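This report describes how the strands and helices of one chain are arranged. Please keep the sequence and the model in view while reading.

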Amino acid sequence: MASTMDAAQALRNATPDAPTIPEDRVLVITRVFDAPRELVFRAWTDPAHVTRWMGPRGYTATHFKQDQRPGGAWRACLRKDDNGEELWQGGVLREVVAPERLVFTFGWYGDDGRPGHETLVTVTFAEEHGKTRMTFQQAIFETMAQRDGHQGGWSSAFDRLEEQLAAF
């Protein structure tokens, strides 16, 4: 699994003129799914698949739309199962290299409909003997608490993704 330090170093290498990247504000999650890479990639990009797993347990994805090209926007809504509260998120795709890599911005929308702090998400998909190693990186969070909250949310969502991939 890639370490937070490796992820921060990769970000520094990609943007050498950028200010120092705080290593404690980078989230990296690596998972190996028992599914072909093309299927895992499709689970990230096909709205019919994404709405089955996106969001942590206790939330249902009620909306997912994505313009699958660099510069294309994406937007999703998660509804909290117990009280119906809606959480909107979205951003812009930076890279789409099927079935190898997705790069997009991520921001939660406020009550005013405008996105808050944006992070950059990079997801890579590597073939491993019929399985897929997915490496997910999100940075730069404003606080470690935000990073930790996203780690819990994404980890739960990836558990759901694993269940959906097994059902295909």
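Which strands does helix 4 lie across, and at about what angle does helix 4 run to strand 1? In this predicted model, helix 4, formed by residues 144-167, lies across strand 1, strand 2, strand 5 and strand 7, and its course makes about 10° with strand 1.

## The sheet

Seven strands make up an open sheet with antiparallel pairing, and their order across the sheet is 1-7-6-5-4-3-2. At the edges are strand 1 (27-33) and strand 2, each of which pairs on one side only. On average, neighbouring strands of this sheet are turned by 20° against each other, when direction is ignored.

Helix 2, spanning residues 37-45, packs on the sheet, where it touches strand 1, strand 2, strand 4, strand 5 (101-108), strand 6 (119-128) and strand 7 (131-139). The direction of helix 2 makes about 155° with that of strand 6.

## From strand 2 to strand 4

Strand 2 (residues 59-66) and strand 3 (residues 73-80) run antiparallel and are joined by seven bridges, with His 63 having Cys 77 in strand 3 as its bridge partner. These two strands form a hairpin with six residues between them, and in the turn Gly 71 has a positive phi of about 95°.

Strand 3 also pairs with strand 4 (residues 86-97), again in the antiparallel sense and over seven bridges; here the bridge partner of Arg 79 is Glu 86 in strand 4. As a general matter, strands of a sheet pair through backbone hydrogen bonds, either parallel or antiparallel.

Definitions and conventions:
Residues are numbered from 1 along each chain as its sequence is written. This is a predicted model: local features need pLDDT of at least 70, side-chain atom pairs count only at pLDDT 80 or more; totals for chains, interfaces and linings use all residues. Side-chain values use heavy atoms; hydrogens and water are left out. Two strands pair if DSSP finds at least two bridges between them. Helices (H or I, at least four residues) and strands (E, at least two) are DSSP runs, numbered from the N terminus. Axes are lines fitted to C-alpha atoms, for helices over the stretch in contact, and angles run from 0 to 180 degrees between N-to-C directions. Contact means heavy atoms within 4.5 Å.
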